[in-house]
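User: I am new to this structure and would love a close look at one part of it. Could you walk me through a metal site and what surrounds it?

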Amino acid sequence: MLNRLKYILIFSGLLFGAGEGIKLSGQAVPGREENIPFLVTFGRLGQTSWGDDDFYQVFFFTVPREYTGQFFIRIFDADVGGEHDEIQGEFNTRTFFGVYGGKGVDPDKNSESRGLNNVKNYKGGTMLASRVFGSEARYDNKYFTFGPFNPTAGDFSSKWNAYIFKVVVEGVSGDDGNLYRFFMSRDPENNIPVEGGNAFTYEYTFRMWNDFKSVAHIYPYVDTGVVYIRQRNFDWDRDGHILVVSRYKQGIGVSISTENNWMEDRIPIEPAEIGSSLDFQFHKAQGELVKNNNVVVTLESQRGDALPFFSSPIGGVPVYNPKITIRKATKPK
Ligand SMILES: [Ca+2]
Ligand SMILES: [Ca+2]
Ligand SMILES: [Ca+2]
């Protein structure tokens, strides 16, 4: 028995230590390393000053080609009411969740699929499943499960050697904030990751923990040809500071938004940062707690191409290497 336990521990250690090859945590959204409690989407009559600029969210899930089983997309707390959600007056918000596959989903081939800049054609692809949730006790503080889906129903990407699926969330009515999470699972009742799967988005709307000590992270992937990136953040409510860390950046402070506005900077990218992830760190203000802070972040390259944020950072969490000096972010001209 003891030997068997030891074997299991060693085997788990191998799996979790395997680095880039195996990402067992990649399908929890927000991801394990991100330290973000919830995604947020408000009803379309919401006030943007509550922290959602456009009342929709688009997330992509990748299923590696090698995985041939079925899978499910689970939504935690899909309803708007009861626990977790952000009430405005009374709960009267309805939220659409839709899962898409097939041609038109891959955001490299169909840029409108990214859901940026309030372009409304982000539903490209074939809708495989959908449901609208109101205030429903049976989905409050619980999972709702879409699926099963076959991986080949996704849009195949040779770049990632994976099938891509998309989840669209829209606040179709009301003014309250829907807080929720996703999990891509092999099982309809439990969260069992698809090995090698991941998830990403181009515009991340999320909730910070109500905790001074908590630091949230998001991990954009820097692709070939990026010289600088333009970061934009919305409705940060003067909640502390936002730093960019990488193997080559100890911590560049970026301009932070206050209430119901966007702020932006240019952040230079070193050639050696190409093909790796950056670590955007969201540090809360000390002193008076900024409560229930929802924030939006987007990034694009100097060419105007959007940079994806992966739930499980590609290449792992970047660790600063002190041999490289710091540069300050500069304002766009
Ligand atoms: Ca909810
Ligand atoms: Ca309401
Ligand atoms: Ca906010």
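Analyst: Let's start with Asp-85, which is buried because its relative accessible area is 11%, under the 20% cut-off. Asp-85 gives two OD donor atoms to the calcium ion (ligand 1). Please keep in mind that this is a predicted model.

The other donors of ligand 1 are Asp-77, through its O and an OD atom, Asp-79 (O), Asn-178 (OD1) and Leu-179 (O), and the distances run from 2.2 to 2.9 Å. Along the sequence, the donor residues follow the spacing D-x1-D-x5-D-x92-N-L. Asp-85 sits in the loop between β4 (71-76) and β5 (94-101), while Asn-178 belongs to strand β10, so this pair ties together parts that are 93 residues apart in sequence. Asn-178 is buried too, as its relative accessibility is 0%.

Leu-179 leads us onward to a neighbouring strand. In β10, Leu-179 is the bridge partner of Val-40, and β10 (residues 177-185) is joined to β2 by four bridges, with the two strands running antiparallel. Strand β2 also runs antiparallel to β12 (residues 203-207), to which two bridges join it; there, Phe-38 stands opposite Arg-207.

Strand β2 covers residues 38-42, and five of its five residues are buried, so the rest of the structure largely encloses it. In a regular strand, side chains alternate between the two faces of the sheet. In β2, one side carries Phe-38, Val-40 and Phe-42 and the other Leu-39 and Thr-41, and both faces are covered.

Now for the calcium ion (ligand 2). Its protein donors are Gln-88 (O), Glu-90 (O), Asn-92 (OD1), Asp-175 (OD) and two OD atoms of Asp-176, at 2.1 to 2.8 Å. The donor residues are spaced Q-x1-E-x1-N-x82-D-D in sequence. The six donor atoms subtend angles of 49 to 176 degrees, which is why the arrangement is irregular. Among these donor residues, Glu-90 is exposed, with a relative accessible area of 56%, and Asn-92 is partly exposed at 38%.

Finally, how far can you trust the picture? The protein has an average pLDDT of 90, and 89% of the residues score at least 70. Over residues 1-23, however, the pLDDT is below 50, and this stretch has ten contacts in the model beyond near neighbours in sequence. Where pLDDT is low, the predicted coordinates should not be read in detail.

How values were computed: Residues are numbered from 1 along each chain as its sequence is written. Chains are lettered from A and ligands numbered from 1 in the order in which they are written. This is a predicted model: local features need pLDDT of at least 70, side-chain atom pairs count only at pLDDT 80 or more; totals for chains, interfaces and linings use all residues. Side-chain values use heavy atoms; hydrogens and water are left out. Donors are N, O and S atoms within 2.8 Å of the metal (3.2 Å for Na, K and Ca); water is not among the atoms, so sites may look incomplete. Four donors count as tetrahedral if all angles lie between 85 and 135 degrees; four count as square planar and six as octahedral if opposite donors are over 155 degrees apart and all others between 65 and 115; anything else is irregular. Buried means under 20% relative accessible area, exposed over 50%, partly exposed in between (1.4 Å probe, protein chains only). Two strands pair if DSSP finds at least two bridges between them. pLDDT is the predictor's confidence in each residue, from 0 to 100. Contact means heavy atoms within 4.5 Å.
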